[in-house]
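Q: I am new to this entry. Can we go through how to read its main features together?
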Amino acid sequence: MLLGDAEAPSLYIGIGVNAGAKIMVVTGTAKLFGKPRDQLTRLKETCFKGDTSITVGEGLDWVAGDRIVLFATAIQHDHFDYRTIESYDSDTGVVVLTEALDFYHYGKASSTANDYNGVDMRGEVALLNRNVRVVGEDLDTWGGQITVQDVFEETGDFRTGMLLMDSVEVANCSQRGTFNAAIRIENAVTQHHQITNSAIHGSRAWGISLLKSDNIFIENTHVIGARALGTVVQSSNNVTMNKMITANVIRRDEISMNHVMDTEACFSICTAFGGSHACNDVTVTNSIAAGCVYSGFVVAGHDCDDDAD
């Protein structure tokens, strides 16, 4: 649990580096490994507002008390249902919920890929919790943060941050009205970083921010319920994101960053502040953007007459 509020003193982690407060700072090597879980399935039957059970894939490891989210499948982009499991039958795939659903969600026994040019239109259902958790204290909407940086200490020693994370839950993190994402890797160019099979949800601002950093691999990780932007890459190199989901990005309660309008995009790749931000070797593959009203993927383009590779 990361404790504190917006008035907590900021932490200086190196020469000229103000990391902020309520923070887990990584300037060495951090390895966080949780128990692997079945983290994503599809609805096998359509469900409606007022339903207290849903049908998903069989044979999952889901149990009573697990927390899940049903993705929006109708034209209303924000019709996500966050619920807790009362019971799950691994033979039938029936999940009984502790509360009735608020919205409609489309399901079908088999994939619709053959009917829609390879697209499976069935609603996703994602697991939110893991047994290893980094949680910001729910105080004044001021979440926690994990930051990874390379820094020079006042002694002149150079420290290099490295984050290796698998099957971890990061909840109620990032900080309202700032660019302090739930997980932010900034000015970290020396080591390799890896985030896999994890869930970042309930963020107070951005979900993941990669700024001026290199050698980052993110796979099978879900960023759900961030504000303004979900997954952000700026001025970074050798970044690979595969089988990611960024979903249900919503508008901030207030706008204090230069009084600009929220764009509410799922993925912002080297475009958050306009221009390309000198990104190189950044790839996003096999990933899903859902419930982001402005755009799913915002990526720097090229001039029409630019035929360079």
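Q: Which cysteine does a disulfide join to Cys-266?

A: Keep in mind that this is a predicted model. A disulfide is a covalent bond between the sulfur atoms of two cysteines. Here, Cys-266 is joined to Cys-292, with an S to S distance of 1.7 Å. The pair links distant parts of the chain, 26 residues apart. Cys-266 lies in strand E26 (residues 265-269). Cys-292 lies in the loop between strand E28 (288-290) and E29.

Q: What is the handedness of the disulfide of Cys-266 and Cys-292?

A: Look at the torsion about the S-S bond. For Cys-266 and Cys-292 it is about 85°, so this disulfide is right-handed.

Q: Is Cys-292 buried or exposed?

A: Check the relative accessible area; buried means under 20%. Cys-292 has 13%, so it is buried. Its partner Cys-266 has 0% and also counts as buried.

Q: How many disulfides does a search of the whole structure find?

A: The search finds two. In the other link, Cys-270 and Cys-279 have their sulfur atoms 2.0 Å apart. The torsion about that S-S bond is -105°, and the link is left-handed. Cys-270 counts as buried, at 4% relative accessibility.

Q: What pattern do the disulfides of the chain follow?

A: Count the bonded cysteines along the chain. The pattern is 1-4, 2-3.

Q: Why is there no bond between the sulfur of Cys-173 and the closest cysteine sulfur?

A: Distance decides. The closest cysteine sulfur is in Cys-292, 19 Å away, which is too far for a bond. Cys-173 is buried, with a relative accessible area of 0%. Another cysteine, Cys-47, counts as buried at 1%.

Q: Let us turn to the sheet. In what order do the seven strands stand?

A: Read a sheet from neighbour to neighbour. The order is E3-E12-E17-E20-E23-E26-E29. The sheet is open, and the pairing is parallel. The twist averages 10° from one strand to the next. Strand E26, which holds Cys-266, stands between E23 and E29 in this order.

Q: Which strands stand at the edges?

A: Look for strands with a single partner. They are E3 (23-26) and E29 (295-299). Each has a single partner strand, so one side of each is left without a neighbour in the sheet.

Q: How many bridges pair E3 and strand E12?

A: Bridges show how two strands line up. E3 pairs with E12 (residues 145-148) over four bridges, in the parallel sense. For Ile-23, the bridge partner in E12 is Gln-145.

Conventions. Residues numbered from 1 in each chain as written. Predicted model: local features only at pLDDT ≥ 70, side-chain atom pairs only at ≥ 80, totals over all residues. Heavy atoms only, no water. Pairing = 2+ DSSP bridges. Axes fitted to C-alpha atoms, helices over the stretch in contact; angles between N-to-C directions. Disulfide = S-S within 2.5 Å. Buried < 20%, exposed > 50% of the residue type's maximum accessible area, 1.4 Å probe, protein only.
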